[in-house]
Amino acid sequence: MINGFTLKVVAIIGMTCNHVANVFAAQLPQPLLLALFSLGGVTFPIMAFLLVEGFTHTSNLQKYAARLAVFACVAQVPYSLLWGAVPNVLFTLLVGLGLLWLYDHAHKGIFWLATLLAVVLTNSFDWGSIGPLMVVLFYLLRESGKVPSIIGPMGVAYLGIGLPALAEVPGLAITGDMSYLPSNTIADAGHASLVWGNVGYAGIGFTAACILLGFYNGKRGPSMKWFFYAYYPAHLFLIWLITLV
């Protein structure tokens with residue numbers, strides 16, 4: 001069985017692989033690039049799941065939200081240096097956290113309206129509209145049994161990222177227009193790498209996340225919360241420094 005600490009370790013390993021693959025896509029051999037990018041797919045599902053765990057068990061939601069907000073702002077500096085003025089994934093999680101609070105404290109009509117607005121407003125965030133939806137579903141389905149509580153949210157990710165990627169495979173011979181994508185992404189390695197990378201991201205990464213979450217034992221494990229929060233901006237800043245060499 002796997003505790004929360006182990007899930008966090010897996011998440012930061014996957015996150016590091018994902019960011020290295022994106023930033024150095026044009027310099028990496030394609031097999032290594034695709035392997036790293038595929039491993040990155042485990043990260044957000046685990047982060048969304050653990051956010052719900054944190055919301056459910058925290059003794060002080062205000063401090064929990066404040067800590068998330070502070071590190072989101074700190075991380076935005078190196079994140080913007082790498083990918084421009086796009087809100088990083090901690091802001092996506094922060095929006096999800098706000099929706100969970102609304103579900104417990106506001107009229108359900110207000111909650112669903114806020115969820116709809118969040119889906120629209122986070123479209124430009126890291127992980128986009130899929131992120132808040134996954135957080136909400138992990139929370140709403142948490143008592144429906146282990147399999148439904150995992151498959152439901154992950155179904156959103158498979159449909160939103162995996163299915164479109166598979167749909168592009170038959171047209172790989174046609175070079176797609178990637179001018180809309182920012183630099184420091186897997187698209188720098190070409191259209192084929194982008195398509196196969198997204199297939200691996202969903203097919204390998206999401207599936208691995210499902211398996212890992214299925215073995216979660218509900219226990220927190222060793223507490224190193226400050227390390228896990230600090231790691232996000234720190235590793236982004238380090239990667240940015242490497243790009244300057």
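These are my notebook entries on a predicted model, with helix contacts first and single residues after.

**Entry 1: α3 and α5**

I started with helix α3, residues 43–57, and helix α5, residues 89–105. Their axes come within 10 Å and cross at roughly 40 degrees. That angle makes α3 oblique to α5, because oblique takes in what is neither under 35 degrees, nor 65 to 115, nor over 145. I noted the crossing of α3 past α5 as right-handed.

I then listed who makes the contact. From α3 the residues are Phe44, Met47, Ala48, Leu51, Val52 and Phe55. From α5 they are Val89, Leu90, Thr92, Leu93, Gly96, Leu97, Leu100, Trp101 and Asp104. Sorted by class, the contact of α3 with α5 has twelve nonpolar residues, two polar and one charged.

**Entry 2: α1 and α3**

Next I looked at helix α1, residues 4–23, where it packs on α3. The angle is about 145 degrees and the axes are 8 Å apart. Here α1 passes α3 in a left-handed crossing.

On the α1 side I found Gly4, Leu7, Lys8, Val10, Ala11, Gly14 and Met15. They meet Thr43, Ile46, Met47, Phe49 and Leu50 of α3. The classes in the contact of α1 with α3 are eight nonpolar, three polar and one charged. Met47 is listed in this contact and also in the contact of α3 with α5.

**Entry 3: α3 and α4**

Helix α4 covers residues 61–83. I read that its axis and that of α3 come within 9 Å and cross at roughly 150 degrees. Leu50, Leu51, Gly54 and Phe55 of α3 meet Leu61, Tyr64 and Leu68 of α4. I counted by class in the contact of α3 with α4: six residues are nonpolar, one is polar and none is charged.

**Entry 4: the nonpolar cores**

Which residues touch the most other members of the largest nonpolar core? I found Leu7, Leu90, Trp127 and Met154, in a core of 63 residues. Helix α3 gives the most to this core, with nine residues. There is also a second, separate core of seven residues, which includes Leu102, Ala106, Phe111 and Val136.

I followed up Leu90. Leaving aside neighbours within four places in sequence, Leu90 is in contact with Met47, Leu68, Phe71, Ala72 and Tyr232.

**Entry 5: Leu93**

Is Leu93 buried or exposed? Leu93 sits in helix α5. Its relative accessibility is 4%, so Leu93 counts as buried, the cut-off being under 20%.

Not counting residues up to four places away, Leu93 touches Phe44, Met47, Ala48, Leu51, Leu68 and Val135. I also checked Leu93 against Gly131, which is 38 residues away along the chain. Their C-alpha atoms are separated by 7.3 Å.

**Entry 6: two positive phi angles**

I looked for unusual backbone angles. Most residues other than glycine have a negative phi.

Trp127 is not a glycine, yet its phi is positive, at about 75 degrees. I placed Trp127 in the loop between α6 (108–121) and α7 (130–140). At 13% relative accessibility, Trp127 counts as buried. Trp127 is also one of the residues I noted for touching the most other members of the largest nonpolar core.

Asn184 likewise has a positive phi, near 60 degrees, and is a residue other than glycine. Asn184 lies in the loop between α8 and α9. With a relative accessible area of 18%, Asn184 is buried.

**Entry 7: Thr185**

I moved on to Thr185, in the loop between α8 (146–168) and α9 (191–214). Thr185 has 12% relative accessibility, so Thr185 counts as buried. Which residues is Thr185 in contact with, leaving aside neighbours within four places in sequence? I wrote down Asn22, Ala25 and Trp83.

**Entry 8: Asn217**

My last residue was Asn217, in the loop between α9 and α10 (225–244). Asn217 has a relative accessible area of 31%, so Asn217 is partly exposed, the class in between under 20% and over 50%.

Not counting residues up to four places away in sequence, Asn217 touches Met1, Ile2 and Asn3. I also took the distance from Asn217 to Pro164, 53 residues apart in sequence. From C-alpha to C-alpha, Asn217 and Pro164 are 33 Å apart in space.

How values were computed:
Residues are numbered from 1 along each chain as its sequence is written. This is a predicted model: local features need pLDDT of at least 70, side-chain atom pairs count only at pLDDT 80 or more; totals for chains, interfaces and linings use all residues. Side-chain values use heavy atoms; hydrogens and water are left out. Axes are lines fitted to C-alpha atoms, for helices over the stretch in contact, and angles run from 0 to 180 degrees between N-to-C directions. Helices (H or I, at least four residues) and strands (E, at least two) are DSSP runs, numbered from the N terminus. A crossing is left-handed if the near helix is turned anticlockwise from the far one by less than a right angle, and right-handed if clockwise. Contact means heavy atoms within 4.5 Å. Ala, Val, Leu, Ile, Met, Phe, Trp, Tyr, Cys and Pro count as nonpolar, Asp, Glu, Lys and Arg as charged, and the others, Gly among them, as polar. A nonpolar core is a set of buried Ala, Val, Leu, Ile, Met, Phe, Trp, Tyr and Cys residues joined through side-chain atoms within 4.5 Å. Buried means under 20% relative accessible area, exposed over 50%, partly exposed in between (1.4 Å probe, protein chains only).
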